[in-house]
Amino acid sequence: MKTIEHWINGTGTPAASTRTTPVYHPATGQQRAQVLLAEPSDVDSAVAAAAKAFESWGDSSLSQRTKVMFAFRELLVKHEDELARVISSEHGKVIEDARGEIVRGREVVEYACEIADALKGSFSDQVSSGVDIHNFRAPLGVCAGITPFNFPIMVPLWMHPIAIATGNTFVLKPSERDPSVSRLVAELYVEAGLPDGVFNVVNGDKVAVDAILDHPDIAAVSFVGSTPIAKYVHERATAAGKRVQALGGAKNHAVVLPDADLDYAANHLVAAAFGSAGQRCMAVSIGLAIGQAGDELVEILARKANAVKVGPGDDPSSDMGPVVTKAAQERVVNAVARGAEQGAKVVVDGRGRTVAGHEEGFFVGPSVLDHVTPEMDAYREEIFGPVLGIVRAGTVDEAIEIINANPYGNGTAIFTKSGEAARRFARAVKVGMIGVNVPIPVPMSYYSFGGWKDSLIGDSPIHGPEGVRFYTRAKVVTTRWPRTQASFTFPTSS
Ligand code: NAD
């Protein structure tokens, strides 16, 4: 049985860990490895390595840091196949989708390649006689990232390239469900010329997370995962005096107006609801059908959902792979059952779907539930599986009210031919990322990613300019040449 180790100070190591947890191949349902679960002393070792590395990396030149980022970017391109296969084997998503997350994550590395521009300060000449002012941003020190299973390479890439390019060192605690790709990333950083100790990986569960949250030598924590854990991480790490980014769960609505091209909208809804088996924080889990769009839309959706090809991630003909664990499979099946009990109409039923030759795999088929209402569990809970609920609404204003009353506010979309309706919608919804005829509006890396309400705890979105701000702090320097006599009065300009 393969054992997945930690990566500390440029080398793979079991450190002092003895506890393990299984890592599965979701398409076969078989255990493929076990991953070590760190003890607090292992987190101490990683943080000590990162703190030592910060002494020189924090002082390294911008050209040295960008050189590493350019090389790292090339290696992510060169090893895309291998990375995608490893992701698919532990997460279950189809290989093309795994490539998609590698590309979107790589875009953050490309942003980090331009870090010199993002870190430019400003300069004011002669603010007083012989006095100038300039500012710049300094790194924080050791930063940590705690990441979810659903994007095992992309979400960590939202964090560490920017942290490292701005001069920090990093300790990553990836999801224990699909940890292997983080080891490959660590090796690519070494090949790219990153000094030992700048990037470290500690595998683990709550024990490792708590050790990170309390560690006195960690300056900042980035978290992406479910809302209850995001709240916990935010509270505990801020109480320990750290900067915290904490991105949580989601329930994303796509509004379809009667004037929309319904076939186009349905194609996008099906891809956004069932791609990656619905395990995306920007997945569309609720379709809001307005007025007479409803019946026809549901009919087209049902046809397209029934045509989704469910199969193993490494079969190029599969549209959708399994969900990540047996527990996730059971959660999805139960959510559809409760939806039916509470009055939703099960138009497409993905329960009990099996894949020939993969009978033990964690498969469920796509499900479409019609006439879902905001009181039902199928509306209120983040199912995080291939289940699309359809809520009927009379007007766009009613749809906006429903969206704004939802506790989550990650992403939303509107399908319409009316620019006026789209503009009004975008301005009125209390949601961080909005798509107009775009179902999954994930911003490019040079913007920042983040929801509102329970989808982002605290006030710091991730990557882009907000990422640079998060991983640095400002200094303002006031300089006088030539030196003049001191005065006892408070300095004013002259
Ligand atoms: P999760 O919250 O269970 O786990 C996230 C991380 O927290 C993992 O590293 C895990 O080991 C750790 N963790 C889990 N339970 C913990 C506990 N009790 N104490 C301390 N640490 C704990 O999330 P997941 O199931 O891996 O991922 C799916 C969730 O992530 C969904 O809710 C999804 O919406 C969310 N997500 C959000 C975004 C976003 O950008 N907002 C992006 C991706 C995923």
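This is a walk through a predicted model of a protein chain with a ligand, starting with its domains and ending with a few unusual spots in the backbone.

Let's begin with the overall layout. The domain assignment splits the protein chain into domain 1 (3-248 + 455-477) and domain 2 (252-436). Notice that domain 1 is written as two stretches of sequence, 3-248 and 455-477. If you take the centres of the two domains over their C-alpha atoms, they are 31 Å apart. Where the domains touch, domain 1 supplies 17 residues and domain 2 supplies 24 residues. On the domain 1 side of this contact, helix H3 (80-91) and helix H4 (95-113) are the elements that give two or more residues. That side holds seven nonpolar, seven polar and three charged residues.

Now look for the ligand. Where does it lie with respect to domain 1 and domain 2? Both domains give residues to the shell around the ligand, so the ligand lies between them. There are 27 residues around the ligand, and those that come nearest are Pro-148, Gly-225, Ser-226, Gly-249 and Cys-281. Sorted by class, the shell has 12 nonpolar, 10 polar and five charged residues.

Next, turn to helix H8, which covers residues 206-214. Its buried residues are Ala-208, Val-209, Ala-211, Ile-212 and Leu-213. An α-helix has 3.6 residues a turn, so residues three or four places apart point the same way. You can keep that in mind as you trace the buried positions on screen. Helices and strands both help to cover the buried residues of H8: among them are helix H1 (40-57) and helix H9 (227-239), along with strand S8 (142-146), strand S9 (169-173) and strand S11 (218-224).

Finally, here are some backbone details to look for. His-371 is not a glycine, yet it has a positive phi of about 55 degrees. You will find His-371 in the loop between strand S16 (367-370) and helix H13 (377-380). Phe-384, also not a glycine, has a positive phi of about 55 degrees too, and it sits in the loop between H13 and strand S17 (387-393).

Are these two residues buried or exposed? Phe-384 has 25 C-beta neighbours inside 10 Å, so it counts as buried. His-371 has 16 other C-beta atoms within 10 Å, so it is partly exposed.

One more stop comes after strand S23 (472-480), in the segment where Pro-482 is found. The peptide bond leading from Trp-481 to Pro-482 is cis, with omega near -5 degrees.

Methods
Residues numbered from 1 in each chain as written. Predicted model: local features only at pLDDT ≥ 70, side-chain atom pairs only at ≥ 80, totals over all residues. Near = placed C-beta within 6 Å. Nonpolar A, V, L, I, M, F, W, Y, C, P; charged D, E, K, R; others polar. Domains from an automatic or database assignment. Contact = placed C-beta atoms within 7 Å. Helix = DSSP H or I, 4+ residues; strand = E, 2+ residues; numbered from the N terminus. Buried ≥ 20, exposed ≤ 12 C-beta atoms within 10 Å, placed from the backbone.
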